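Biologist: Before I plan anything at the bench, could you take me through this model, one question at a time?

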Amino acid sequence: MKFEQQLSQQQKQVQKLAMTQQLQQSIQILQYNSDELYSYIETKSLENPLIDIQIDRENSDFSSSASRTYTTNEENNYLNQIPDNHRSLFEYLIDQVHLNYRDTYLRTLVLFLVEYIDLNGYLMIDLEEAVAKTGAKSIEMLDALTLIQQLDPAGVGARDLRECLLLQIERDDTAPELAYIVVEEEFAHLAERKWSLIAKKFEVELSEIQSIFDYIQTLTPAPGSIFESTSGLYIRPDLTVKIKENQLTVLSNKTGTPTIQFQQSYFDRMEATEDKEVQKYIQEKKNEFEWLEKTIAQRGDTILRVGTEIVQRQQGFFFKEDRPLKPMTLKEIAESLKIHESTVSRAVNGKYLETDFGVFELRSFFSNGLSNESTGEETSTDSIKKQLKSLVDNENKAKPLSDQKLVDLLKEQEIDISRRTVTKYREALGIPASSKRKRYD
């Protein structure tokens, strides 16, 4: 058998989208939230002398024209108006050590141990290792740890969760009488809800163990985390919904939003020069400004169109007190507006909608649905979760509903889902299993 190899040339025409740099930047700008957009514009203004940033702070009617503008500078930059009150746990502990303890060798050991306190407030070095590193005596290192554990916040310097809780209980005059000894001696049984064993050991009622458990729930497992939490951050809504005479109106929120203006006088001076390189440079920067202005406008228009379509499809959320959501997908919005699904995704991520009853991320309005066989309609997973939570909230806490019982009760409401789905939704809602919801009040 003889094989032959032949080479030939063929011409093929293929349609392909070329991702230019400007197209990639346009896509990225749509994805930016308000603060990210401001940072991007600010960077561009530093690179382009023709871009001037202005912020509309009094545009209460959400119109496109600004009633008052402020040029961007160090004094008026809205990000600079947020005070920096951040203080780390380490700094807080060091300040207390210097304030409360005299300059002795023991304080030196305290400062050494503080270096090993993690962000949650736990000691991350074994005392034996600390002794080996410092050459101190074991009793001296233990004394140093005791001094740390007397500092604020209560629970700091603990080596495990049990010790952290004990340190907090020790300082709390309102703690239940047996709380300290129960946590100290029966912590594992308390966590595993083997309360009958604890009640029998201390000769008390189960209701008293219940009250101790409820109290433990009010304590913090990570006392140092309060220093790492970000406070004072503000969400700047991109859209606002107004309700008037049972009509919904969606408006672009221009207040506080940065816009760009063209430095015409600077452009005229530069263009008047006879230097060809300067003229070429200034024309390139003008083109860049025009592209950026157009792209920002398109971003705002896309977010407004997507937001309006969402609001029209979820009118029940704005008019009914229980805020129901209909099943809705990104694909449905994309097909309705004749845009790509990825465009809708970028337009809703990190973008917020302001109402008279709260601020909501646009993405939160999307929900899959389950078909109702009897009515032929779909029920959103959000609505099912609300009904599931309502059933749990109103259950007999002495005999909490099992997942199978929840399936049966939901079926009575014409919601036919499996026990596995109920378990999945329950866990997503942070609801414990029935065995852990039982109360002994």
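What follows is a set of questions and answers on the chain, one sheet and one helix pair.

Modeller: This is a predicted model, in which local features need pLDDT of at least 70 and side-chain atom pairs count only at pLDDT 80 or more, while totals for chains, interfaces and linings use all residues. Residues are numbered from 1 along each chain as its sequence is written, and side-chain values use heavy atoms, with hydrogens and water left out.

Biologist: How many helices and strands are there in the protein chain?

Modeller: Helices (H or I, at least four residues) and strands (E, at least two) are DSSP runs, numbered from the N terminus. On that basis the protein chain holds 19 helices and nine strands.

Biologist: Which strands stand at the edges of the open sheet?

Modeller: Two strands pair if DSSP finds at least two bridges between them. The open sheet has four strands in the order E4-E3-E6-E7, with mixed pairing. Each edge strand has a single partner strand, so one side of each is left without a neighbour in the sheet; these are E4 (247-252) and E7.

Biologist: In which sense do E3 and E4 pair, parallel or antiparallel?

Modeller: Six bridges join E3 and E4, and Val-241 stands opposite Val-250 in E4. By contrast, E3 (residues 239-244) runs parallel to E6, with two bridges between them. The sense for E3 and E4 is antiparallel.

Biologist: Which residue in E7 is the bridge partner of Leu-353?

Modeller: E6 and E7 (residues 358-361) form four bridges in the antiparallel sense, and two residues lie between these strands in their hairpin. Leu-353 also stands opposite Leu-239. Its bridge partner in E7 is Phe-360.

Biologist: Which side chains of E6 (residues 352-355) are buried?

Modeller: Buried means under 20% relative accessible area, exposed over 50%, and partly exposed in between, with a 1.4 Å probe and protein chains only. The side chains of E6 alternate, and Tyr-352 and Glu-354 point to one face and are not buried. Those that point to the other face and are buried are Leu-353 and Thr-355.

Biologist: How are H1 and H15 oriented to each other?

Modeller: Axes are lines fitted to C-alpha atoms, for helices over the stretch in contact (heavy atoms within 4.5 Å), and angles run from 0 to 180 degrees between N-to-C directions. Helix H1 (residues 21-31) and helix H15 (residues 341-348) pack at about 45°, with their axes 7 Å apart. Angles under 35 degrees count as roughly parallel, over 145 as roughly antiparallel, 65 to 115 as roughly perpendicular and the rest as oblique. H1 and H15 are therefore oblique.
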